[in-house]
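Here are my notes for you to read with the model open beside them. Take the points one at a time, and find each place in the structure as you go.

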Amino acid sequence: MSKLNLTRRGVIKTGAAAGTALAMPTILTAGSHAGFTNAPTGSSVTLGFNVPQTGPYAEEGMDELRAQELAVQHLNGEGDGGMMNTFSSKALKGNGILGKKVEFVTGDTQTKSDAARASAKSMIEKDGAIMVNGGSSSGVAIAVQGLCQEAGIIFMAGLTHSNDTTGKDKKANGFRHFFNGYMSAAALAPVLKSAYGDDRQAYHLTADYTWGWTQQESIAAATEAMGWNTVNNVLTPLASTDFSSYIAPVLNSGADVLVLNHYGGNMVNSLTNAIQFGLRDKMVNGKKFEIVVPLYSELMAAGAGENVQGVIGSMNWNWQLQDAGSKAFVKSFGEKYGRPPSNSAHTCYVQTLLYADACERAGTFNPCGVGEALEGFDFDGLGNGPTSYRADDHQCFKDVLVMKGKENPTNEYDTLEIVEVTPRAQVEYAPDHPMFAGGQLGACNPGA
Amino acid sequence: MFGLDKKDATLLVIVAILTLCAPFLLNPFPSESALAQFNAGYPDLMQRFVIFGIFAIGFNILFGLTGYLSFGHAAFLGVGSYSAVWMFKLLSMNVIPAIILSVVVAGLFSLLIGFISLRRSGIYFSILTLAFAQMSFNLAYSVLTPITNGETGLQLTLNDPRILGQSATADGSIPVTSLFGLEMRSTYELVMGPWAFQFNAGYYLCAVIMVLAFYMSIRIFRSPFGLMLRAIKSNQTRMSYTGLNPKPYTLAAFVISGMYAGLAGGLMASMDPLAGAERMQWTASGEVVLMTILGGAGTLIGPVLGAGFIKYFENIFSKINDTVLHSWFSFMPDGLENLVVMLVYPFIGKGWHLTLGLMFMMVVIFLPGGLVEGGQRIRRLFRRKDDTPAAKTEPAE
Amino acid sequence: MDAIILQILNGLDKGSAYALIALGLTLIFGTLGVVNFAHGALFMIGAFCAVTLSKILSLSYIILDETQTDFLGKPLKVKVPYAESWFGPEIGAAIIDWSVPLAILFSIPVMLLIGFAMERGLIKHFYKRPHADQILVTFGLAIVMQEIIKYFYGANPIPTPAPDVFTGSYDFGVLLGFDPNVIIYPYWRLVYFGFSAIIIGAVFSFLRFTTFGMVVRAGMADRETVGLLGIDIDKRFTLMFGIAAAVAGLAGVMYAPINSPNYHMGMDFLVLSFVVVVVGGMGSLPGAVLAGFLLGTLESFASMNEVKSIFPGIDQIIIYVVAILILLTRPRGLMGRKGVMED
């Protein structure tokens, strides 16, 4: 009728008769028990995929979900194995993780910190998820990272580009594969210099929230270092849909480059509006006016349509890369879903493999063991060239792609082309860089 | 009992019993069965049920009694959350000072906004409250970031002073919220055969506070003050002709409901110490309006039902994905299985909004009095048949 | 000076979108006494009429191009629109290019039908119900419409460009004696302004100069008396609802090239349009138009750097500040009548 079960939700399940239990509810605090949160007991292990399924980033979320489902298939030995064949670590055997079949639960972050935490909590408390993966905005990533730290499970951030995720808000249980604003800026600056020269006047439009600020700070610092001058930085409300009143004054400001520190719907609209004003057809200071979108995503580029043509930006990964890992991933993703994967899909796929691999190497699901296995881990064959997880801040260091909107796209997925693969050495920074200072990883928390 | 008549006392006792037994009632399905997807008896969701219940009860004191439709109540909830988190950052991790501060701050904030907004009535009042709340949201998201931490939401860090507590625990993590040492997140799990029930300290704190809040709302509804508020709803002009000034009464109702919202915000932060700006957005204000109308505005229990209904959809339906569907219908032949999954899929998972929208329309079309009317109709149905009262599905033990 | 002229242009342009949406909303308030939270969704559906027509016109068949490969290394599928193979490449391309203006014709019957269906099927039963119920049912309907669009078109914005002749911008400054490139404004936004002026004018003259409009105005003032006079006001109100839906839809069609339509664009405009309507005064058509342009212009000015450096973040809240100030000084908005929606 009742049994002693020492693990599942990191709480003590006591085998007492129902009557006595109800009469004397002994309340036991979490943390008093050796072990870790949601240690898998049966023949399976549950991963939590927390992505936006409603709201403006729903398509990004769906693509992340597709990639994660594919990763689960590959981990369980179904399908063609994808990047598991090209991954430099050979710990994964296609029999799940540590011999346990991989199962997953999904949730909707709604791109709101509150909803994302609620959804992650239900995965942890109800479904017994051992890790949470995914997401499509920095605010959500930081909020869920804090939650996972507290609950004692591993968090692998999805698409989050703010410096803060592995900067002032870094957490011991959180890991980020995606690149960040600083790396975008470091990769873009040399390309911008060779494309547009070192004597440019830049006008920044910046989304008025933390991600926008950190990116603007990074881009301004990197471009000023090579000789550009920042004419102005205008903060735009997140809720803006029509950017005309911010774009109209740009031409008269003496600027000859417009930097759009926007993402998602904001970026689609601000870029569309800037093109409507014909900015890219104008000559200012004797130079052709240019627009830069520091962070690109395929889905948003598709939303902006032909407006992206010739506009330079950066990306974490792109399906056009020709290395063995990328080709293997694009092939298995493309054959399953009939479309090339986006860069957020790639990140979520890779993180699922990295997590599984770290469990195998550590020989445990204990987040502290897994974290140790990930810290300082060097690997290759996952599409970004030689990559390493830095132990100091749990940020991945790898090559960054500089992209340009393609002039003559052949189909709806073919919107961007790779201009340059900026080598990793150029985008690295010290862990105590001022843009990343102020936070501490803290101690790893295994939960109960 | 407690100064209530028999009917109200029965209602209060029923509500108290239901909330105390919620961990059983909300987990009717064995945890390994396919239907376990519909179980809602885990701490986070149960906390949300009662916290939003408190929020809706408070909102109903204003809207249900006076008829003043505020579209900015989420601002008070947000302000409450921020004050509670600041208390955790600066003072200690004990929830009592945090909750007290959040109620006080929300009360002051609602006094200010109510004083201005109540100069108008009807839709003009609604838009004034909406404008104040949207201003709070927009500012919290951007300019006020030093206070609110903007997009990310206000979080605890290892560097917080916490003068009466500790900045970090011995093992280097952030301390957790507690009630004089009883950690809010501590959960006692009872396993009975295939069932697992979770009893969470935080939930029971919220539940006790909700029962108290519910009791207070009954007292307000039955008091001369409540009668005065109803008079405002039915005919304000006539009321002022009798020499009564309605303004102090509505303002009092506004502040009380603002304090309820602050209480809900404070509890929310106590259960999960994070305060995000989205809590103040107009959609959040709209949600409590929908909860109240859906459950039955002006009824005692309606708002709580409405809150539970919406939160259940948000948290349970959004998590059903196509893999889950396939596992449910896997007994069917392949072609039929795919067809059924294809037909059901748009309504769950990423399509949970669609189901919610349809439910709103269904309820308001067929049950003009909200869910409460649905309950009454069912009861009448059973009475007419002279049957036993509706049997609740209790898990067999 | 040039900056001010630019922001006036921006204000007129934004204001024309606000005014068009608010016009339909206040028509429904004024005539039917219904709080329609689905009005933003009607605007969104209008924009998706443009998307749909452009998809229909560019319906394609697929030929395999053996010389190129797609991302999986298979022969590239090249889409050839039927329009191009039927009418020849040039005329075909022109038809596709002009899909947004053509969508005006397409959207009017569609929106009228949606409006009629909504009024007859749903709204009619809510005339006598409290405003709260109307809010709940129309909000539910808005979610349903939104999700249906999301199901068919996805959540991503869909680029819907204006015809090529309207790309680029017009140099106003030269006209006024400024240097070239100082005051430029996109052609399509100028078209939008002109278009909305025509629609607003048409609605006003329809109500002012036709017998039908006279009856509707009488109905707005005193519905019961008009009914007692033996006039079937219900039928006219159905038509009014259809017209309001069509106005919102047209606003959406023409807005599609300005910002790529997505399924939740209606919700973005919903709160704003309510603020506009209330600032203008409930049920007042001129009030709604006036408030639309006023708020649009003020919003544009608030986003100027000079203003923002004095009041940081003012562009975030200007609409609400103005709304509060106006409602506190003028109890029924700019041009509202006593007793409308005050209980």
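1. Begin inside chain C, with helix α2 (residues 39–57) and helix α10 (residues 233–255), whose axes come within 6 Å and cross at roughly 50°. Axes here are lines fitted to C-alpha atoms, for helices over the stretch in contact, and angles run from 0 to 180 degrees between N-to-C directions. α2(C) and α10(C) are therefore oblique to each other; angles under 35 degrees count as roughly parallel, over 145 as roughly antiparallel, 65 to 115 as roughly perpendicular and the rest as oblique. Helices (H or I, at least four residues) and strands (E, at least two) are DSSP runs, numbered from the N terminus.

2. A word on what you are viewing: this is a predicted model, in which local features need pLDDT of at least 70, side-chain atom pairs count only at pLDDT 80 or more, and totals for chains, interfaces and linings use all residues. Residues are numbered from 1 along each chain as its sequence is written, while chains are lettered from A and ligands numbered from 1 in the order in which they are written.

3. Back to that pair: the crossing of α2(C) and α10(C) is right-handed. A crossing is left-handed if the near helix is turned anticlockwise from the far one by less than a right angle, and right-handed if clockwise. Among the residues making the contact are C:L42, C:F43 and C:A47 of α2(C) and C:A248, C:G249 and C:V253 of α10(C); two residues are in contact if their C-beta atoms, placed from the backbone, lie within 7 Å. By class, this contact has 13 nonpolar, 4 polar and no charged residues. Ala, Val, Leu, Ile, Met, Phe, Trp, Tyr, Cys and Pro count as nonpolar, Asp, Glu, Lys and Arg as charged, and the others, Gly among them, as polar.

4. Now look between chains. Helix α6 (residues 122–141) of chain B and helix α11 (residues 265–280) of chain C have axes that come within 10 Å and cross at roughly 130°, which makes α6(B) oblique to α11(C). Their crossing is left-handed. The residues involved include B:I127 and B:L130 of α6(B), with C:F274 and C:V278 of α11(C). The contact of α6(B) with α11(C) has 9 nonpolar, 1 polar and no charged residues.

5. Which element gives the largest share of the side of chain A that touches chain B? That is α3(A), with 7 residues. In the whole interface, 51 residues of chain A are in contact with 45 residues of chain B. The chain A side has 22 nonpolar, 16 polar and 13 charged residues.

6. Chain C also touches chain A: 35 residues of chain C are in contact with 38 residues of chain A. On the chain C side, α1(C) gives the most, with 7 residues. That side divides into 13 nonpolar, 16 polar and 6 charged residues.

7. Finally, step back to chain A, which has 13 helices and 18 strands. Its radius of gyration is 23 Å, close to the 22 Å that the globule rule gives for 448 residues, so chain A is as compact as a globular protein of that length. This radius is taken over C-alpha atoms, and the globule rule is 2.2 Å times the number of residues to the power 0.38. Of the 448 residues of chain A, 66% count as buried (20 or more other C-beta atoms within 10 Å of a residue's own, C-beta atoms being placed from the backbone; 12 or fewer is exposed, and in between is partly exposed).
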